[in-house]
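Visitor: I have a model open in front of me and would like to learn how to read it, feature by feature.
Guide: Then let us look at it together.

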Amino acid sequence: MIVRQFISWIRHAPAGERAEATRALARAFLVSDLSPADRAAAEGALLLMLDDVSALVRQTMAQVFCRSAQAPAAIIRALAADQPSVALPVLEFSPLLIDADLVDIVATGDDQVQCAVARRVRLPAAVCAAIAEVGTAAAALELIENPHAELAPFSWDRIVERHGHLAAIRESMLVLEDLPAATRLALMAKLSDTLQQFVVARGWLTADRAARATTEAVDRSTVALAARARGDDMVALMRHLRATSQLTAGLILRALLSGNLDLFECALVELSGLPQARVAALLHERGGPGLTALLARAGLPESTYPAFRAALEALHEIGFVGTERNAARLRRLMVERVLTRCETGADAAAPLLILLRRFATESAREDANAFCDDLIAEQFVQRLERMAA
């Protein structure tokens, strides 16, 4: 009887009153102990309100039903397909929307709709993949900042590919501690490309010099990233570098001269196709014929073989231990030793010597910076000791 009176009354009631009455009926549907007949009648009346000309009426229904698992599924689906002012709370909170619903909504929805889906507490990999593939930059940002989103590695890569040129996307991703190394490197490459275009457009550097500076910066970043990568993360990084043509002889030599034997070994495993144990055994020979065969199988230029042999010998002789200051000094010592051996050899090519000289300059500057940092720290400690005395 009450539902019949409700249906008769709403035909002439103002929009605000219809909205409040709809809110009360929706709450009663969820919390009241209705008989099956009354429940069916209430659901029918609420379904009727989906056609109300006022969005305010549908908004109140969405607010009541958006978090409930007992809400009528047909009403939830209808509200999710309504205009954004009605649909957003349902899209963000309703537990009744299945993955297929959400994927379809992301594919057809606008920016607001995609952002609401991206904020959901439970967001499975399939929905994340849809947002990564077709979502706007704002939706991608919501996805990145959602700790409950289950992003697969390919979804991270797709976000970088589509939106990595945007500073907000890069900053939000780079602060994530568990971001895959390959994805982090792709972000750095996007940033380097942006900076390269900027300095060339400003006329600060020629295109060739900017490209060289960008390549060297990315190579340094790669070696630094690889120093923290382990296991599957390192393997994925090597595959990414090879797929993007970044796994070059210059990068591999830089890694070795930086003391990163793990990156050097993993790079040769990736390029040669040999098992890691076999590569490690060949590297243990240092400068023997096995090393030459390994470098050849990896497809590295023959002109670089002297540098790799000299670097391995120097690495085993010097080692890399102690403080960062000592590490910087030892890296410089090793680079200079390799450069000296290659300069005095008859089989070193000019491009290799140019590359080694650039490495020597970089290591010298790095050593100088470490020295200055230590000097400033020492002066600060001395000042505190004088104040304490």
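Guide: What follows goes from the whole chain to single helices and then to single residues.

Guide: This is a predicted model, in which local features need pLDDT of at least 70 and side-chain atom pairs count only at pLDDT 80 or more, while totals for chains, interfaces and linings use all residues. Residues are numbered from 1 along each chain as its sequence is written, and side-chain values use heavy atoms, with hydrogens and water left out.

Visitor: How many helices and strands are there in the chain?
Guide: The chain has 22 helices and 0 strands, where helices (H or I, at least four residues) and strands (E, at least two) are DSSP runs numbered from the N terminus. Of the 389 residues in the chain, 43% are buried; buried means under 20% relative accessible area, exposed over 50%, and partly exposed in between, with a 1.4 Å probe and protein chains only. Among contacts (heavy atoms within 4.5 Å) with a separation of 6 or more, 59% are between residues 24 or more positions apart.

Visitor: Which residues of helix α11 are buried?
Guide: The general idea is that an α-helix has 3.6 residues a turn, so residues three or four places apart point the same way. In α11, residues 153-163, the buried residues are S155, W156, I159, V160 and H163. They lie on the same side of α11 because they cover an arc of only 140° around the axis, the arc being that of the directions from the helix axis to the C-beta atoms. On the other side of α11, P153, F154 and E161 are exposed. The cover over the buried residues of α11 includes α9 (125-134), α10 (137-144), α12 (167-174) and α13 (181-202).

Visitor: What does T183 of helix α13 touch?
Guide: Not counting residues up to four places away in sequence, T183 touches W156, D157, V160 and M173. T183 counts as buried because its relative accessibility is 1%.

Visitor: At what angle do helices α6 and α8 pack?
Guide: Two packed helices are described by the angle between their axes and the distance between the axes. Here α6 (residues 84-93) and α8 (residues 111-118) pack at about 20° with their axes 8 Å apart; axes are lines fitted to C-alpha atoms, for helices over the stretch in contact, and angles run from 0 to 180 degrees between N-to-C directions. The two helices are therefore roughly parallel to each other, since angles under 35 degrees count as roughly parallel, over 145 as roughly antiparallel, 65 to 115 as roughly perpendicular and the rest as oblique. The contact is made by P84, L88, L91 and E92 of α6 and by Q112, V113, A116 and V117 of α8. These residues divide into 6 nonpolar, 1 polar and 1 charged, with Ala, Val, Leu, Ile, Met, Phe, Trp, Tyr, Cys and Pro counted as nonpolar, Asp, Glu, Lys and Arg as charged, and the others, Gly among them, as polar.

Visitor: Where is S245 found, and what is its phi?
Guide: Most residues other than glycine have a negative phi, and most peptide bonds are trans. S245, although not a glycine, has a positive phi of about 60°, and S245 sits in the loop between α15 (231-243) and α16 (249-257). With a relative accessible area of 60%, S245 is exposed.

Visitor: Is G273 buried or exposed?
Guide: G273 counts as exposed, at 59% relative accessibility, and lies in the loop between α17 (261-272) and α18 (276-284). The C-alpha atoms of G273 and A298 are separated by 7.9 Å, with the two residues 25 residues apart along the chain.
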